[in-house]
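Visitor: I'm new here and like to know where the words come from. Could you walk me through it?

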Amino acid sequence: MSDLLYMVLVAPFKDMAGSPAFLVEVLIGGVFAGLMYSLVALGFVLIYKASGVFNFAQGVMVLFAALTLVGLLERGAPVVVALALTAAVMVGLAYAIERVVLRPLVNQPQIILFMATIGLNFFLEGFGEMAWGANVKKLDIGIPDRSFIVRGVQINELELTAAVTAAVLVTLLALFFQTTRIGLALRAVADDHEAALSIGIPLKTIWVVVWSVAGVVAIVAGLMWGAKSGVQFSLSLIALKALPVLILGGFESVPGAIVGGLIIGVGEKLGEVYWGPLVGGAIENWFAYVLALAFLLVRPQGLFGEKIIERV
Amino acid sequence: MTLRAVLVGILALTVVAGPSVARVQAAGEIFIPLLVYRTGPYAPNGIPIANGASDYFTLVNERDGGINTVKIAFEECEDQYDTKQGVECYERLKAKNPVLVNPYSTGITYQLIPKAPVDKIVVHSMGYGMTATADGRWFPWVFNFPMTYWSQASAFVKYVAQQEGGMDKLKGKKIAHIFHNSPYGKEANPTLEDLARRHAFELTLLAVDHPGQEQKATWLQIRRLNPDWIYISGWGVMNQVAVKEAGSIGVKMDRVVGNWWTGTETDVIPAGDAAKGYKSMAFTAPGAEFKVHQDIFKHVYDKGKGAYGNDRAKVGEVLYNRMVVNAMLNVEAIRTAMTKYGNKPLTGEQVRWGFENLNITDKRLEELGMKGMMRPLRVTCENHEGNGLAFVQQWDGKKWNVVSDWIEPIRDVVRPKLEAEAVAEAKKLNYTMRDCAKEK
C-alpha cells in the first residue's frame with residue numbers, strides 16, 4: 001500500500017524535479033496541444049453562443065474545410081486563392097444551413113436543432129467523401145515542421161505556429177464579440193430568439209454570420225490539424241478532444257475555450273507522462289474527461305460559463 | 001415537387017439501394033463475401049484492400065473462366081471497419097452460402113472465430129486476428145497464414161539483431177514498442193517481452209489510444225528514453241501521426257520499423273520528406289512489376305472492369321498487393337479442394353480441407369505470375385500459420401523498396417507460446433483438440 005502511495009504521490013514529483021528541462025518540454029507540449037484543441041472548441045462555442053445549439057457537426061466542418069482546401073490545392077490553386085475559395089465555400093455552406101436546416105426550425109426546442117446538426121454531420125461526411133475522395137492527403141502550405149532546441153527544450157515549429165495562430169484568432173474573436181454591433185446582436189440572439197427578433201435583430205443574418213465565422217475557424221483548425229496528420233476522415237474525430245475543453249471552459253465563453261484547452265492539454269500530458277506508466281499508459285483520452293468532470297462537480301457551468309439562475 | 005420531397009426521395013433510394021454489389025451469385029458459382037471499408041476513417045486502408053480482392057477475383061473469372069471453370073461470385077458489404085457492422089455484414093451474406101470469409105479486421109475476426117465451425121465457413125485472417133488460432137488442432141476453421149503477429153514480432157527482433165551484429169548484441173539495447181491500445185496493437189507484446197527476457201534488451205511499451213490523432217505525450221517519452229529501435233503497431237491515422245512525430249523530433253528514421261499494417265503509402269505520404277528512411281515489416285512485395293499485374297491490366301483494366309477505374313497508378317500499392325496475394329491464396333485453397341472433391345461449387349467443409357492442404361510452391365508462384373511477391377507456403381492440419389517468412393521494406397520518399405532478405409521467425413520461441421495460448425483460448429470456447437495424425 002505504501003509503495004502504491006509512493007508511486008502515485010511521490011515518485012512522479014521526484015521525477016519532475018529531477019529532470020526540469022523535460023518537465024518544461026511536457027508543459028510546452030501540453031500548451032501547444034491544448035491550443036490545438038481550443039481551435040476546434042471555438043467553433044462549438046461560437047454556434048452555441050449565437051443559437052444555443054450544440055453543433056454536433058463541428059468536427060465534420062473542420063474535415064470538410066480541410067478537404068476543400070487540400071482539394072483546391074491539389075488542382076493547382078495557389079494557397080491564397082485556395083484559402084479564399086475555401087472561405088467562400090464555408091460561407092456558402094453557412095447560408096445553406098440557415099436556409100435549409102435552421103430557418104424551418106426557428107423556435108423549436110434545442111434538442112430538435114441538436115438532432116438537425118447530427119443529420120448535418122452525416123450529410124457533410126458523406127458529401128465530402130463523394131466530392132473529394134477518401135484518401136489521406138498531404139497538406140503543405142509552407143508551414144515548417146522541424147524542431148529546434150532552446151536550452152535543452154525541443155520546440156516544434158508547426159505547433160508553435162498553431163499556438164500563435166490560435167492566440168491571434170481568439171483575440172480577434174473576443175474583440176468581435178465585445179466591440180462590434182454584430183457581436184452584441186449575437187449575444188442577444190443567444191439569450192432569447194424571440195426577444196431578439198422583437199427588437200429588430202435579424203435572426204437569419206445573425207445565424208449566417210455566426211455559422212460563417214465558425215466555418216472560418218474550422219478552416220484554421222483543419223489547416224493546423226491537417227498539417228499535423230494529413231487530411232483524412234479521422235479529422236472529424238478531433239471533436240472528441242474538444243468536448244472536455246468545452247465542459248471545462250463553458251459552452252458560451254471564447255476565453256473559456258482557450259483556458260479550458262490549456263488546462264486539458266497540460267493536464268493530459270502530465271497525466272500520461274508521469275502517471276500513465278503506472279497503469280500501462282494510454283490514459284490521456286479519458287484523463288481529460290476526468291479532469292473536466294472534476295471541474296464540473298465544482299462549477300457546473302464551466303470555468304467561464306454563465307451561471308444559470310432560474311426564477312420561480 | 002418540393003425540396004423536402006426531393007430529399008426524402010434521395011434518402012429512400014439510398015436506403016433501398018443498400019451496399020454496393022460487385023457481382024451477384026448465380027447457380028454453379030462459388031460465393032465469397034467481401035467485408036470492406038471504403039468509407040469512414042479507415043477508408044484509406046480499406047479501399048486498396050477491397051480493390052485488390054475485386055481485381056483478382058475478376059481476373060480469375062475473366063482470364064481463366066473461374067477456378068477450374070467454376071466462376072467466383074463475390075459481393076461487397078460496407079462495414080466501416082466497425083466490428084458490429086462487420087458481423088452484421090457476415091450474417092447478411094451468410095444466406096448466400098459462402099465458403100470462406102476474410103474479415104480484414106482483428107475485431108471482426110474475434111467475433112467470427114466461434115461462428116466458423118457452426119456455420120461451416122472458413123475464416124482466413126491473413127497476418128492478423130488471433131495468433132493462437134494458428135494451432136489447427138484446436139481451431140480447425142480458422143487460418144492466419146502466412147504469418148502471425150507473434151512471428152512478425154520475432155522476425156523484427158531478429159532483424160534488429162542482424163543490424164546490430166548478432167543476437168548477443170541485443171543485450172542492453174533499448175527497444176520501444178508503440179502500439180494501438182486495442183487487442184490488435186497488444187498482440188505483439190507477449191512475444192517481445194519474452195524475447196526481451198531471453199536476450200536482455202530493455203523493452204518499453206507505450207500505448208496510444210484510438211484513434212491516435214494526438215501522440216505528443218508518447219513521443220515526449222520516446223525523446224526522453226532515446227531508444228535504439230522503435231517498433232510500431234498502428235492502424236489508420238495513428239500511423240501517419242506516428243511517422244510524422246518521429247520525423248519531427250529527429251529520430252533516426254531507419255531505426256523506426258512499423259509492423260506490416262504500419263507500412264503503407266498512406267502512412268508515409270503526409271509526413272513528406274521526414275518519412276524518408278522509415279521501415280516496415282512485410283510479407284508481400286510492393287510494386288506493379290509482377291506478371292500478375294500485367295494480367296490484371298490486360299484482362300481487367302483494359303476491359304473497363306478494374307476497381308480503380310482509370311487510376312492504374314494505385315495498382316501495386318502495398319495493401320493492394322497484399323489483398324491480391326490474399327485472394328490468390330483463397331483461390332488456390334479452393335483449387336486444392338477441387339483436386340479431391342471435383343471441379344464444381346464446393347461446401348465450406350470441402351474448402352476447409354483445401355485450406356489445410358494448401359501447398360504453394362515456387363513453381364506455382366511462377367505460374368501465377370507472383371514469383372518473388374511472396375514466399376512458398378505450406379499449411380498443415382497442425383500449423384495454420386504455415387511456414388511464411390517476413391522481410392523489411394523502406395520508404396525512399398517515393399516508393400517502398402525491399403531492404404532485407406526473407407527473415408525466418410524465431411519459431412522455437414513463438415510456437416510453444418502459441419500452443420499454450422491456443423489451449424487457453426480453446427478452453428474458453430469448450431473446444432476439444434483433434435488428432436491430426438488420424439486425418440492424414
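Guide: Happily. This is a predicted model, and a good place to start is strand 13 (residues 391-395) of chain B, which pairs with strand 14 of chain B in the antiparallel sense.

Visitor: What makes strand 13 and strand 14 of chain B a pair?

Guide: Two strands pair if there are at least two bridges between them. Strand 13 and strand 14 of chain B have 3 bridges, so they pass that cut-off. One example: B:W400 in strand 14 is the bridge partner of B:W395.

Visitor: Which helices lie on the strands there?

Guide: Helix 8 (residues 189-199) of chain B packs on the sheet and touches strand 6 and strand 7 of chain B. Helix 6 (residues 149-164) of chain B lies across several strands, including strand 8 (229-233) and strand 13 of chain B.

Visitor: Why are strand 7 and strand 14 of chain B at the edges?

Guide: The open sheet of 7 strands in chain B has the order 7-6-8-9-10-13-14, with mixed pairing. Strand 7 (202-208) and strand 14 (400-402) of chain B each have a single partner strand, so one side of each is left without a neighbour in the sheet. On average, neighbouring strands of this sheet are turned by 25° against each other, direction ignored.

Visitor: And chain A: how do you know whether its radius of gyration agrees with a compact globule?

Guide: For 312 residues, a compact globule would have a radius of gyration near 20 Å; chain A has 21 Å, so the two agree. Chain A holds 12 helices and 2 strands, and buried residues make up 49% of its 312 residues.

Technical notes
Residues are numbered from 1 along each chain as its sequence is written. Chains are lettered from A and ligands numbered from 1 in the order in which they are written. This is a predicted model: local features need pLDDT of at least 70, side-chain atom pairs count only at pLDDT 80 or more; totals for chains, interfaces and linings use all residues. Helices (H or I, at least four residues) and strands (E, at least two) are DSSP runs, numbered from the N terminus. The radius of gyration is taken over C-alpha atoms; the globule rule is 2.2 Å times the number of residues to the power 0.38. A residue is buried if 20 or more other C-beta atoms lie within 10 Å of its own, exposed if 12 or fewer, and partly exposed in between; C-beta atoms are placed from the backbone. Axes are lines fitted to C-alpha atoms, for helices over the stretch in contact, and angles run from 0 to 180 degrees between N-to-C directions. Two residues are in contact if their C-beta atoms, placed from the backbone, lie within 7 Å.
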